[in-house]
Amino acid sequence: GLACAAMGAARVVCTEMDRCVDLTEANVKLNARLCEEDASSNGNWASAVEAVEYMWGQPGCPVEGCSFAIICDALFIAVRDGIEDELLSTMKQVCQSGVKLLFIYEERLGDREAAFMERAGAELRCAEVASDQLDLDAARNATTGEGEEAAPMDMFYESPPVRLWTCEAKVA
């Protein structure tokens, strides 16, 4: 969400559980302050960001009216904690409100993640973005440190097993 705002999104809604909303707001302020120091930054984008309390599966869609929604790296948590139904319910609410959903996760649990996406595909129109369309190796050429301390970050780099899906409501 913060990256979307920094790149010029007019409205960004970051949802979080109640005990983490304050932390999300603090992260927005901190990142905005850091970006103000960067001449290439996209202005005062923090005013476009709203942090709201939302638990997966609860009624109401906090992103209604947005162009798209991003759910990123939530599948591992949902499977680990046995709350896949709540996550799927939220995905359906987002899509049924007319918002296009980008659903992104790092593949860690194989068959369990595949089973979830099969369930999602039965209720939503989901399409996976081909891995060759994703630029996941951007960090490969990055460095850490400055001057003589600079070191490449790719010494032990492995391309992450990231999956990206677009999801929309099925047309009746």
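In which sense do β5 and β8 pair, and over how many bridges? These strands pair in the antiparallel sense over five bridges, where pairing requires that DSSP finds at least two bridges between two strands. Helices (H or I, at least four residues) and strands (E, at least two) are DSSP runs, numbered from the N terminus.

The model is predicted, so local features need pLDDT of at least 70 and side-chain atom pairs count only at pLDDT 80 or more, whereas totals for chains, interfaces and linings use all residues. Residues are numbered from 1 along each chain as its sequence is written, and side-chain values use heavy atoms, with hydrogens and water left out.

The strand pairs involving β8 are as follows.

| Strand pair | Sense and bridges | Residues standing opposite |
|---|---|---|
| β4 and β8 | antiparallel, six bridges | L102 and T166 |
| β5 and β8 | antiparallel, five bridges | L124 and A169 |

Helix α5 comprises the 13 residues 111–123. At 1.5 Å times one less than its number of residues, α5 should span 18 Å, and its end C-alpha atoms are 19 Å apart, which agrees. Within α5, E113, F116, M117 and A120 are buried, that is, under 20% relative accessible area (exposed is over 50%, partly exposed in between; 1.4 Å probe, protein chains only). They cover an arc of only 95 degrees around the axis, which puts them on the same side of α5; the arc is that of the directions from the helix axis to the C-beta atoms. The face turned away from the buried side of α5 carries the exposed residues D111, E118 and A122. Among the elements covering the buried residues of α5 are β4, β5 and β8.

How values were computed: Contact means heavy atoms within 4.5 Å.
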